[in-house]
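Work through the exercises below with the sequence and the coordinates at hand. Each task is followed by a solution in steps.

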Amino acid sequence: MEIELYDAQDDFVYSDTRFTAFIGGIGSGKTWAGCVKALLQCAKPGLGLVIAPTYKMLKDATIRTFKDVAGDAWLDLNKAEMLANVGNAEVLFRSSDKPERLRGPNLNWAYCDEAALSNERTWQIVIGRLRAGGEAGPAWITTTPKGRNW
C-alpha cells in the first residue's frame, strides 16, 4: 500500500520518539496522519488503542478515517466490543469522556485524536496502559490547538 503524505505529516508519522504530537489547524490532515501512524503499528501483532473525545467524534470522524487509511488491511469491526482486526493487530476504539474506563488493557500502542478536547487524565491513564509484553510502547496525539490546556 502506498500512502502519500505532506512533509509535516511525514515527519510526524515516521518519528521514532515514544511520544509524538501533530498539532495543526482544521484541515491540516492531523487525523489522517494519526491513522497512518496507527496502521504502521498494525503491521505487527499486538493490541492498539484509538481514542477520540466523544463516541460521536470517534464514530463520525476517527473510525471513518482509520477505515479509509487502512483499506484492505481493515478486516472487520466488532461493534459491540468496538474492536477491529486490522492487519496483524487488534485495535480498540474508545471515547475519552470517562477516562477511568480506559483502564484495563495492556497495550502495545495508543493514539488520541483531538486530544485537546480530552481531559489530561486520559493521557495519564493511557500512558499507564502501554506495557504489553513488558515494553513501554509508543503513544501519539493529534489535535487542533485550543489555547492554554494540558
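**Exercise 1. Backbone at Glu 114 and Met 82**

Task: Locate Glu 114 in the predicted model, state whether Glu 114 is buried or exposed, and give its phi.

Solution.
- Step 1. Glu 114 sits in the loop that joins S6 to H4.
- Step 2. The relative accessibility of Glu 114 is 15%. Buried means under 20%, so Glu 114 counts as buried.
- Step 3. Phi of Glu 114 is near 50°, which is a positive value in a residue other than glycine.

Task: Where does Met 82 lie, and what is its phi?

Solution.
- Step 1. Met 82 belongs to the loop between S3 and strand S4 (83-86).
- Step 2. Phi is near 50° for Met 82, again a positive value outside glycine.
- Step 3. With a relative accessible area of 11%, Met 82 is buried.

**Exercise 2. Salt bridges**

Task: How many salt bridges are there, and which residues are linked in a network?

Solution.
- Step 1. The criterion is a side-chain nitrogen of Lys or Arg within 4 Å of a carboxyl oxygen of Asp or Glu. Side chains of opposite charge can pair when their charged atoms come close.
- Step 2. Applying this rule gives three salt bridges.
- Step 3. One of them joins Asp 60 to Lys 56, with the closest N and O atoms 2.9 Å apart. Both residues belong to helix H3 (residues 55-70) and are four residues apart, so about one helical turn separates them. Asp 60 is partly exposed at 35% relative accessibility, whereas Lys 56 is exposed at 57%.
- Step 4. Glu 100 and Arg 103 form another bridge, at 2.6 Å from N to O. The relative accessible area is 44% for Glu 100, which is partly exposed, and 40% for Arg 103, also partly exposed.
- Step 5. Arg 121 bridges to Glu 100 as well, the closest N and O atoms being 3.4 Å apart. Arg 121 is in helix H4 (residues 120-129) and Glu 100 is in the loop between strand S5 (89-95) and strand S6 (109-113), so this pair ties together parts 21 residues apart in sequence. Arg 121 is partly exposed, with a relative accessibility of 33%.
- Step 6. The network of salt bridges therefore consists of Glu 100, Arg 103 and Arg 121.

**Exercise 3. Packing of H2 on H3**

Task: Describe how H2 and H3 cross and which residues make the contact.

Solution.
- Step 1. The axes of helix H2 (residues 30-41) and H3 come within 9 Å and cross at roughly 55°.
- Step 2. Angles under 35 degrees count as roughly parallel and those from 65 to 115 as roughly perpendicular; H2 and H3 are therefore oblique to each other.
- Step 3. The handedness of the H2 and H3 crossing is right-handed.
- Step 4. On the H2 side the contact is made by Thr 31, Trp 32, Cys 35, Val 36, Ala 38 and Leu 39. H3 contributes Thr 62, Thr 65, Phe 66, Asp 68, Val 69 and Ala 70.
- Step 5. Sorted by type, the residues of this contact are eight nonpolar, three polar and one charged.

**Exercise 4. Surroundings of Leu 39, Ala 73 and Gln 41**

Task: Is Leu 39 buried or exposed, and which residues does Ala 73 contact beyond its neighbours within four places in sequence?

Solution.
- Step 1. Leu 39 is a residue of helix H2, and at 12% relative accessibility Leu 39 counts as buried.
- Step 2. Between the C-alpha atoms of Leu 39 and Ile 26 the separation is 22 Å, with their positions 13 residues apart along the chain.
- Step 3. Ala 73 lies in the loop between H3 and strand S3 (74-78).
- Step 4. With neighbours within four places in sequence left aside, Ala 73 is in contact with Leu 39, Asn 85, Val 86 and Gly 87.

Task: Which residues does Gln 41 contact, leaving aside neighbours within four places in sequence?

Solution.
- Step 1. Gln 41 is part of helix H2 and is buried, at a relative accessible area of 17%.
- Step 2. Its contacts under that restriction are Trp 109, Pro 138 and Trp 140.
- Step 3. Gln 41 and Ala 89 are 48 residues apart in sequence, while their C-alpha atoms are 8.0 Å apart.

Conventions. Residues are numbered from 1 along each chain as its sequence is written. This is a predicted model: local features need pLDDT of at least 70, side-chain atom pairs count only at pLDDT 80 or more; totals for chains, interfaces and linings use all residues. Side-chain values use heavy atoms; hydrogens and water are left out. Helices (H or I, at least four residues) and strands (E, at least two) are DSSP runs, numbered from the N terminus. Buried means under 20% relative accessible area, exposed over 50%, partly exposed in between (1.4 Å probe, protein chains only). Axes are lines fitted to C-alpha atoms, for helices over the stretch in contact, and angles run from 0 to 180 degrees between N-to-C directions. Angles under 35 degrees count as roughly parallel, over 145 as roughly antiparallel, 65 to 115 as roughly perpendicular and the rest as oblique. A crossing is left-handed if the near helix is turned anticlockwise from the far one by less than a right angle, and right-handed if clockwise. Contact means heavy atoms within 4.5 Å. Ala, Val, Leu, Ile, Met, Phe, Trp, Tyr, Cys and Pro count as nonpolar, Asp, Glu, Lys and Arg as charged, and the others, Gly among them, as polar.
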